[in-house]
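Here are my notes on the model you sent over. I've put them as numbered points so you can go through them with the structure open.

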Amino acid sequence: MDRVVAWRAATVALALLLLWRIIAVNAVLFDATGRPQWPAAATGAAPDRSALAAVLRENPGEVAALLVVAQDLERAGDPVRAAKAYESALSVAPADRDVLQMSADFFLRHGRLREATRQLDRLAEHYGAYDRVFPALARLLPVKDSGWDAIVERNPAWLGAFVVTACRQSVDPGLLAPLLQRRAATGRATAPETECITERLRESGQWEAAYQVWLNTLPRERLGNVGSVFNGGFEHAASGIGFDWRPSLGPDRQVGHAVEFATTAGAIGKRALRVTYNGKPQAAPAIRQFMAVVPGRYELSGVARIDALNSVRGVQWTLRCAARDGLSTRLAASERFLGSSEWRPFAFEAVVPEGCPGQVLQLEPAGMDEGTTFLSGTAWFDELRLTRRR
Amino acid sequence: MKSATKVNRGKAAMRRIAQATALALVVVSQPQAQPNDGTIARLREVSGNVLVSNEAGLASGDEALRLMPGTRVITTANAEVVVEYDDGCRVKLKENQRFEVEKGKPCAVLVAQPYTILVTPQGAIAALAVVVIPALLGAATVGSLIDARTKTTASPS
């Protein structure tokens, strides 16, 4: 008995839905008195209205005809009824690709940005079409009341792809940062999104904003103690983005060294930084980290253990002022590490001047600026800290 | 004799009670004693991740954490906090703001000092009229549109 009742209810619901569609479509074609609302004037480019009307009489849900009606109405200078036709088409087929595209175009042309954004959201959600949809959404991003707030609130899955695409296509990273923040808050932010936005901010000299964006993507458990040197104890794997450690990329045989956060006896905690040089020429730092500390006097300290590091000049930690053009000014350098030694502390002073909003700490061949050097052996480092001195 | 002793004990007790009450009143009437450690403010109403600078970087700031002059307080996304000075001045920070604890400034100045680190570029906000959005799809005739639709697979609707 329940099944029969349910079946009857479903049938009635379907009938009501069809009736509603018929009413909606007829509201486009005819006015309250039953007279056609079709524009009287006809041009050579106008569609065959009688054919359209016939199509719609036979099938009020024929969205193709509705779309053409909408276009014709707009062309005839009647955007109000054209909007109704698009709205009817959307109500009949809310996820139809043509309906979404054409209605979005219409709403964009007529400044109805929230409605346009809603359809663009659905297009991206159901069909991707990122190459078409994303440029439109990117242009809407800085516009007030464009409907982007609804998308941010909804936090759809495609938003990550949009953030990365828009970032790489030079959309202002300041506009993208709130999107990344929302995604980070729900655990959806990906490394490419974080990397692109923080890099763009950093490269444009917005170091504090870059640091804040990156901070906002860190998991809560990593925020308990964010050292000026992040992960100076090397206990966590390097992410390679933002203000985390960036080991040099490339195979060992090409770059001449291998970088690991490895377990070893004598390390403070479980792991320490191990850099193994294979005797090949070295021309770049093995590992580096960007920082954004305020001007002042500092001491960079740590512990080091050197295993048969054979080199004329050795390796050293340097703190440099990172410049926008990629060049950097050396602010301070550690002693040169070479030969062999057990774990021992080291420290050096560094002064970060005014006008240096961003810095880079890196382990480099000593005298790197003087030219290529050859290195073999292993260097271990642990507990790197940058401490402010008053 | 016994009753006199009792009376004396009673008087002594009353005296002690009165002294204690007087002492309590003195203590209560004094301003709250401040720690003599150089701190001049504390965190209140901590909500979300609030970071406080120290010599070696930033650390989480908890409710009632005492703050020295020169300390920077930073709120992350969705975080808020109040920096409450010992003189009663309250400086409220919203999300993504930075504030440096300073000594000797009027409260009105301090309250206006929280600095927003992430600012949406206002200059990029464009008027509707000048926004040019690329068209997604061109015009179509009923014939071609219906033809195209009968050849494609059904949409999710």
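1. Is B:C89 buried or exposed? With a relative accessible area of 4%, B:C89 is buried, because anything under 20% falls in that class. Do keep in mind that this is a predicted model.

2. On to the partner of that cysteine. B:C89 is joined to B:C107 by a disulfide, S to S 2.0 Å. The link is right-handed, with 85° about the S-S bond. It ties together distant parts of chain B, 18 residues apart: B:C89 lies in the loop between β6 (80-85) and β7 (90-93), and B:C107 in helix α2 (residues 107-111). B:C107 has a relative accessible area of 33%, so this cysteine counts as partly exposed.

3. If you're tallying disulfides, there are three over all chains. For the bench reader, the general point is that a disulfide is a covalent bond between the sulfur atoms of two cysteines. Number the bonded cysteines of chain A along the chain and the pairing reads 1-2, 3-4.

4. Take A:C167 and A:C196, whose sulfur atoms sit 2.0 Å apart in a disulfide. Here the S-S angle is -100°, which makes the link left-handed. This pair also bridges distant parts of the chain, 29 residues apart, with A:C167 in helix α9 (residues 159-168) of chain A and A:C196 in helix α11 (residues 191-203) of chain A. Both A:C167 and A:C196 are buried.

5. Next come A:C321 and A:C356, a disulfide with its sulfur atoms 2.2 Å apart. The angle about the S-S bond is 135°, and the link is right-handed. The two cysteines are 35 residues apart in distant parts of the chain: A:C321 is in strand β7 (residues 315-322) of chain A, while A:C356 is in the loop between β9 (339-352) and β10 (359-365) of chain A. A:C321 has 13% relative accessibility and therefore counts as buried. A:C356 is buried too, with a relative accessible area of 2%.

6. A look at the packing. The largest nonpolar core has 77 residues, and the members that touch the most others are A:L137, A:W148, A:W158, A:F162, A:L176, A:L179 and A:L215. Helix α3 (residues 63-75) of chain A is the biggest giver to this core, supplying eight residues. A second core, separate from that one, has 34 residues, including A:F261, A:Y298, A:L363 and A:L384.

7. Try clicking on A:L137. Leaving out residues up to four places away in sequence, A:L137 touches A:T117, A:L120, A:W148, A:I151, A:W158 and A:F162.

8. What does A:Q212 contact, leaving aside its neighbours within four places in sequence? The partners are B:I74, B:T75, B:T76, B:N96, B:I117 and B:L118. A:Q212 itself belongs to helix α12 (residues 207-217) of chain A. Its relative accessibility is 2%, so A:Q212 counts as buried.

9. That same helix turns up in the pocket: α12(A) provides the largest share of the lining of the largest pocket, five residues. The largest pocket has a volume of about 800 Å³. It is lined by 41 residues, and A:V293, A:V294, B:S53, B:L58 and B:R72 are the closest to its centre. By class, the lining has 22 nonpolar, eleven polar and eight charged residues.

10. Last, the chains as wholes. Chain A has 13 helices and eleven strands, and buried residues make up 51% of its 390 residues. Chain B has three helices and nine strands, in the order α-β-β-β-β-β-β-β-β-α-β-α along the sequence. Of the 157 residues of chain B, 30% count as buried.

11. One more figure for each chain, on contacts between residues at least 6 apart in sequence. In chain A, 67% of these join residues at least 24 apart. For chain B, the share that joins residues at least 24 apart is 41%.

Note on methods:
Residues numbered from 1 in each chain as written. Chains lettered and ligands numbered in written order. Predicted model: local features only at pLDDT ≥ 70, side-chain atom pairs only at ≥ 80, totals over all residues. Heavy atoms only, no water. Core = buried A, V, L, I, M, F, W, Y, C linked by side-chain atoms within 4.5 Å. Buried < 20%, exposed > 50% of the residue type's maximum accessible area, 1.4 Å probe, protein only. Helix = DSSP H or I, 4+ residues; strand = E, 2+ residues; numbered from the N terminus. Contact = heavy atoms within 4.5 Å. Disulfide = S-S within 2.5 Å. 1 Å grid on protein atoms, 1.4 Å probe; cavity = no way out; pocket = protein on both sides within 12 Å on 5 of 7 lines; lining within 4 Å. Points joined across faces, edges and corners; volume = space filled by probe spheres on them. Nonpolar A, V, L, I, M, F, W, Y, C, P; charged D, E, K, R; others polar.
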